[in-house]
Amino acid sequence: MAVLPMRMLPDPILRQKAKRIRNIDASLLRLINDMIDTMQAAPGVGIAANQVGDLHRVMVIQLPDEEPIVFINPEITERSGEREVIEGCLSIPGYQGYLKRSITVKARGLDLHGKLFKVRADASTESERDALFAEALEHEIDHLNGILYIDHLESHESLHKLEPETAQVQASS
């Protein structure tokens, strides 16, 4: 396991769509373990493969005080509602922006054994965990589709440079 170099904007791989995974093999499992190490070292809540220079459709989310959740070939199956959030990204360090995200997000993916699983995150429950999970699901799946959170900003004024001590603690990947 290793901490991989994080790709930063304007690296073109961040704008590419990741490819579906057909086989879960040793090289993919090694990539996933390295992604977990990289995300935890950053520190971040989530990471997508293209953030470490790989175009496999895989992402990891780790909510505070929980184990990492690996999603292979993830997709959002349903979303509803709208809320404003403040979001940051490990690939755009030192900035945060105000943007709209869904209140409820349903997604599915494969686990490390190739078994399909489904998740639901509902920010309307007033659970900080569910609100963060819903945001992270959309954020990381956007990454796998070549979309960055800055693409959702309503205006350039919605992006703010962080103070150096604040930049160390980013809310999302």
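**View 1. The β6-β7 hairpin of the predicted model.** In this predicted model, strands β6 and β7 make a hairpin in which five residues lie between the two strands, and Gly 114, within the turn, has a positive phi of about 80 degrees. Strand β6 covers residues 104-110 and β7 covers residues 116-122, and the two run antiparallel, joined by seven bridges. Across this pairing, Arg 108 is placed opposite Lys 118 of β7.

**View 2. The pairing of β6 with β3.** Strand β6 is also joined to β3, which spans residues 69-80, through six bridges, and these two strands run antiparallel. Within this pairing, Ala 107 of β6 has Ile 76 opposite.

**View 3. The open sheet and its edges.** The sheet is open and has five strands, which follow the order β1-β2-β3-β6-β7 with antiparallel pairing. Its edges are formed by β1 (46-48) and β7, each of which pairs on one side only, and the twist from one strand to the next averages 35 degrees. At the β1 edge, three bridges link β1 to β2, the two strands running antiparallel, and Gly 46 has Ile 61 in β2 as its bridge partner.

**View 4. Two helices against the sheet.** Helix α1, made up of residues 26-41, packs on the sheet and touches β1, β2 and β3, with its direction at about 35 degrees to that of β2. Helix α2 lies across β1, β2, β3, β6 and β7, and runs at about 105 degrees to β3.

**View 5. The largest nonpolar core.** This core has 20 residues, of which Met 59, Ile 61, Phe 71, Val 119, Phe 133 and Leu 137 touch the most other members. At least two of its residues come from each of β2 (58-61), β3, β6, β7 and α2 (128-144), and α2 provides the largest share, with seven residues. Val 119, when neighbours within four places in sequence are left aside, is in contact with Phe 71, Val 105, Lys 106, Ala 107, Phe 133 and Leu 137. A second core, separate from this one, contains 16 residues, among them Met 39, Ile 47, Val 52 and Ile 72.

**View 6. Confidence along the chain.** The mean pLDDT of the chain is 94, and 95% of its residues reach 70 or more. Over residues 167-172, however, the pLDDT is below 50, although in the model this stretch has 21 contacts beyond near neighbours in sequence.

Note on methods. Residues are numbered from 1 along each chain as its sequence is written. This is a predicted model: local features need pLDDT of at least 70, side-chain atom pairs count only at pLDDT 80 or more; totals for chains, interfaces and linings use all residues. Side-chain values use heavy atoms; hydrogens and water are left out. Two strands pair if DSSP finds at least two bridges between them. Helices (H or I, at least four residues) and strands (E, at least two) are DSSP runs, numbered from the N terminus. pLDDT is the predictor's confidence in each residue, from 0 to 100. Contact means heavy atoms within 4.5 Å. A nonpolar core is a set of buried Ala, Val, Leu, Ile, Met, Phe, Trp, Tyr and Cys residues joined through side-chain atoms within 4.5 Å. Buried means under 20% relative accessible area, exposed over 50%, partly exposed in between (1.4 Å probe, protein chains only). Axes are lines fitted to C-alpha atoms, for helices over the stretch in contact, and angles run from 0 to 180 degrees between N-to-C directions.
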